[in-house]
Amino acid sequence: MTQNLLEVENLRVEFPTRRGTLVAVDDVSFSIAPGEVLGVVGESGAGKSLTGAAIIGLLEPPGRVAGGEIRLGGQRIDNLPYEKMRRIRGKEIGAIFQDPLTSLNPLYTIGRQLTETILTHLEVSEAEARDRAIKLLQEVGIPAAERRIDHYPHQFSGGMRQRVVIALALCANPRLIVADEPTTALDVSIQAQIITLLKRLCRDHGAAVMLVTHDMGVIAETADRVAVMYAGRIAEIGPVRDVIKRAKHPYTEGLMGSIPKLGGDEAKLAQIDGSMPRLTAIPKGCAFNPRCPKAFDRCRAERPDPIAVGDTKVACWLYDDAHKAAAE
Amino acid sequence: MIAFVIRRLLQAVLVMLAVGFVGFSLFAYVGDPVSIMLGQDYTQEARQRLIQDLGLDQPFFIQYARFIAGAAQGEFGISYRLARPVAELLLERLPATLELSLCAAVLALAAGVPLGVYCGLNRDGWLARLLLSVSLIGVSLPTFLIGILLILFFSVILGWLPSFGRGDVVQLGGWSTGFLTPTGLRALILPSITLALFQLTLIMRLVRSEMLEVLRTDYIKFARARGLRNRAINFGHALKNTLVPVITITGLQLGGIIAFAIVTETVFQWPGMGFLFIQSVQAADVPVMAAYLMLIAFFFVLINLVVDLLYYLVDPRLRIDKGAAGGHGGH
Ligand SMILES: Nc1ncnc2c1ncn2[C@@H]1O[C@H](COP(=O)(O)OP(=O)(O)OP(=O)(O)O)[C@@H](O)[C@H]1O
Ligand code: SF4
Ligand SMILES: [Mg+2]
């Protein structure tokens, strides 16, 4: 087996507050192989963004990594001093945020923002950095890149700006890109283009991707594997075919039911009843149990840990040997 | 750009006309110039002649038009109190006020901006908190009190610095400067600090809150995610984005400094326009008051104009999109 690029083990992110500690990410473990695309889905507040922020080392205080390990290429990166982690950000791990309209500094040309990133991480001259910036802009599909490089962000449309953001994330050829809902803020008509571009470029540059999204369609098309998060934990993680076609966790089943089925009699948007619990009121046992149609006694008493089922891991008591034995 | 400048110039003229009206109205409502100029003993004939000489028998509108026409040429009449042309009096005192205001403005900026940046970057540090608390004093203590306290400490108790006047000045053309003599420079210190303190604390607090605001923005987070060095993020990206509001406020403050110099000049008996103005108010010397009012308004208008032009330099979004037209649209 090849070595994993990224390994997240028992990650725990906490927010100390006056009324006790909030655990926003709880015991999350997953890995990403070189060049692999891992999709991360889950309702709002599930902890997707915080997991991404923890990986790039930019949790905002008072949030902090309170437990577990994050390793990149075998090296632990969750406990590095700021300056060491800074050298990894942008160089080894690129990031793409949700809103391209606000990700770029309005007062500097995109060329300046590209070259400063390149010069920060690579040993090249200013002229070489500019050439590289132009090449990147061409790669992300900015027409007339030689001219457009000297333009300011406000002179680009939203889709064009997200392309610039992608170019910025790829500046130093990072091995991993953390993309947090890279298309949510964009016009629906260009979302697919941007996702396709992101996927192609990451493949060309050999970068793995952690792709956070709400869009199961995007996951189905882009991801190799997918992690489903619920209330700060991973409910199910596995190869994308298995999770989408043969969802195991009742929550995932519910999520898949909420994809509009094209070609069906009616595009049905089945919603799971209820809503995700707040961090302050996570139920005992399985966090999903108040909404779960299949919940039974054990779910209300004990918290399930991920159980391997084929290539998938599911945090659900239905897949526990004891339960399966009883069912037979 | 040119259309913008022309529009701003027209606005400036309108503002000056309005201020001119206020200045002119002073003549009608503050004191009676004729009785002031004639003194105790006069004949009815002399009084009549003076009214004619001053044009006070003319219709209101004609008087206003004359006043504006005179003002535009720098003629504001004769001071009642000193019996000398007002323009001459003001010009004599202009250098003192401008040098004091300049020192105060430079001090306020040179100390206010770095302190504000420091407090923004170390918002929870003890020194930043201390500075913030102390700055409250600067904002709330009245200027004259600060001046008097400084005089008490540095002039009376320690005897280090002079408590009044400009020291020795050197004439350069028509400009009297205190920058070239040791006594002149020493005399500038206390009044400058007094005048600067309020603006300094204001600028510091403004820069601090703008920094905090900007540091929360997505583009700063993204700059961090790109692994840029802290120095580049704080001073290259964050500070520059705080400049637009800082320029606005500082510009307005500069006008404020020149105007507020009245108090400081009075406390330190600084021979500037503000001191002259206070003396004129006491003597109901309306021509000087009106001229001072218009001059201060003129400074404000001029500074505002410069501030607007500076925006163009700092913020590319305000500049005309020359190259963008061809590249827009296509996704
Ligand atoms: N500064 C904070 N203090 C307290 N709780 C926080 C803070 N920031 C985030 N949280 C909580 O952490 C949880 C996870 O947040 P996160 O942003 O990771 O969610 P998400 O899965 O990315 O959601 P979305 O789909 O809306 O982006 C949320 O419940 C949120 O309320
Ligand atoms: S553990 Fe129980 S409550 Fe939780 S998802 Fe499985 S069946 Fe539902
Ligand atoms: Mg999020």
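The following exchange covers two sheets, two loops and one ligand site of a predicted model.

Trainee: What ground rules apply?
Mentor: In this predicted model, local features need pLDDT of at least 70, side-chain atom pairs count only at pLDDT 80 or more, and totals for chains, interfaces and linings use all residues. Residues are numbered from 1 along each chain as its sequence is written, chains are lettered from A and ligands numbered from 1 in the order in which they are written, and side-chain values use heavy atoms, without hydrogens and water.

Trainee: In the open sheet of 4 strands, which are the edge strands?
Mentor: Strands are DSSP runs (E, at least two residues), numbered from the N terminus, as are helices (H or I, at least four). Two strands pair if DSSP finds at least two bridges between them. The order in chain A is E2-E1-E4-E5, with antiparallel pairing. Each edge strand pairs on one side only: E2 (20–32) and E5 (75–76) of chain A.

Trainee: Which residue in E2(A) stands opposite A:Val8?
Mentor: Strand E1 (residues 6–17) of chain A runs antiparallel to E2(A), joined by 9 bridges. Opposite A:Val8 stands A:Phe30.

Trainee: At about what angle to E1(A) does helix H1 run?
Mentor: Axes are lines fitted to C-alpha atoms, for helices over the stretch in contact (heavy atoms within 4.5 Å). Angles run from 0 to 180 degrees between N-to-C directions. H1 (residues 48–56) of chain A lies across E1, E2 and E4 (64–72), and its angle to E1(A) is about 110°.

Trainee: Why is one side of E6 and of E11 left without a neighbour in the sheet?
Mentor: The open sheet of 8 strands has mixed pairing and the order E6-E7-E8-E3-E9-E10-E12-E11 (chain A). E6 (93–96) and E11 (307–309) of chain A stand at its edges, so one side of each lacks a neighbour because each has a single partner strand.

Trainee: Which residue in E7(A) stands opposite A:Gly94?
Mentor: E6(A) and E7 (residues 176–180) of chain A pair in the parallel sense over 4 bridges. Opposite A:Gly94 is A:Ile177.

Trainee: Where is A:Pro62 found?
Mentor: The peptide bond from A:Pro61 to A:Pro62 is cis, with omega near 10°. A:Pro62 is in the chain A loop between H1 and E4.

Trainee: How do the residues of the shell around ligand 2 divide?
Mentor: Those around ligand 2 (a heavy atom within 4 Å) include A:His249, A:Lys294 and A:Trp317. Ala, Val, Leu, Ile, Met, Phe, Trp, Tyr, Cys and Pro count as nonpolar, Asp, Glu, Lys and Arg as charged, and the others, Gly among them, as polar. The shell has 9 nonpolar, 2 polar and 1 charged.
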